[in-house]
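Q: Hi! Could you walk me through this protein? I'm new to reading structures.

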Amino acid sequence: MPTPEEPGPDTRARILIAACEMIGEDPASTLSVRSVAARAGVSMGSLRHHFPTQRALREAVLATIYDVVTPDADVIHDRSIPARDRLVRCLEQVLVPAVGAQARRALISTVEAFAVPEPTADIRAAYASFAEEAHRRVEQWLDILAAEGAAPQGDQSLNAAFLNTVLDGLFWDRAMPTDPATLHRATAILQHAVDAVLTPP
């Protein structure tokens, strides 16, 4: 007698998997309801039930991608590790997947998706979603450290933007044909940036 088939992922998970695959293939994908529903094998009504708006879907997809990229981000809560080291480790995780050929492919894909074409409303919205999720994640880490008194209190928006700018520069550097030895400087650069952010004004 045949064994019953293992149950697949639930509807919400299938939608997220399909949308993540589409973003992986085309970072500027608009994630239209029709195309995502077709790829996931669900009805548009079912997709709308889980994600009422396109923005809600995109935010959930990017949060999922960041959870995969930074699987150990919970280290930010581990007070047995100095705050500076925790934040550096979280930032380093964003860079880990991007080295050499992989970094070049990611950079080329990003430039082709967002910088080469004319900036339509859809492209602007797609890029804004990426930037907002990256900003939100770093700002969240800073808020956690501020709540425990390890970082200055107040609006963390500018500090998060600064740290993301440093990450962008390091990501670009990793895609360029630089001496592999320079890649080891990334930690020192992140430590320098984190020191600037955590030092009270």
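Q: How much surface does the protein chain expose?
A: The protein chain exposes about 11500 Å², and 58% of that is supplied by carbon and sulfur atoms. Keep in mind that this is a predicted model.

Q: OK, and what share of the residues is buried?
A: Of the 201 residues in the protein chain, 36% are buried.

Q: New topic: how many helices and strands are there?
A: The protein chain has 9 helices and 0 strands. Following the sequence, the pattern reads α-α-α-α-α-α-α-α-α.

Q: What about contacts between residues at least 24 apart in sequence?
A: Take the contacts in the protein chain that link residues at least 6 apart in sequence: 65% of them join residues at least 24 apart.

Q: Back to the surface. Which residues make the nonpolar patch?
A: Val111, Val116, Trp172 and Met176 make a nonpolar surface patch of about 360 Å².

Q: Where is Trp172?
A: Trp172 sits in helix α8, which covers residues 157–175.

Q: And why does Trp172 count as partly exposed?
A: Because its relative accessibility is 45%, and partly exposed covers the range between under 20%, which is buried, and over 50%, which is exposed.

Q: Last thing: what is the mean pLDDT of the chain?
A: The mean pLDDT of the protein chain is 83, with 88% of its residues at 70 or more.

Q: Where does pLDDT stay under 50?
A: That happens over residues 1–7, and for this stretch the model has 0 contacts beyond four places in sequence.

Note on methods. Residues are numbered from 1 along each chain as its sequence is written. This is a predicted model: local features need pLDDT of at least 70, side-chain atom pairs count only at pLDDT 80 or more; totals for chains, interfaces and linings use all residues. Side-chain values use heavy atoms; hydrogens and water are left out. pLDDT is the predictor's confidence in each residue, from 0 to 100. Contact means heavy atoms within 4.5 Å. Patches are made of residues with over 30% relative accessible area and no salt bridge: like charges are joined within 9 Å, nonpolar side chains (Val, Leu, Ile, Met, Phe, Trp, Tyr) within 5 Å. Accessible areas come from the Shrake-Rupley method with a 1.4 Å probe; for residues, only the protein chains shown count as cover. A salt bridge is a side-chain nitrogen of Lys or Arg within 4 Å of a carboxyl oxygen of Asp or Glu. Helices (H or I, at least four residues) and strands (E, at least two) are DSSP runs, numbered from the N terminus. Buried means under 20% relative accessible area, exposed over 50%, partly exposed in between (1.4 Å probe, protein chains only).
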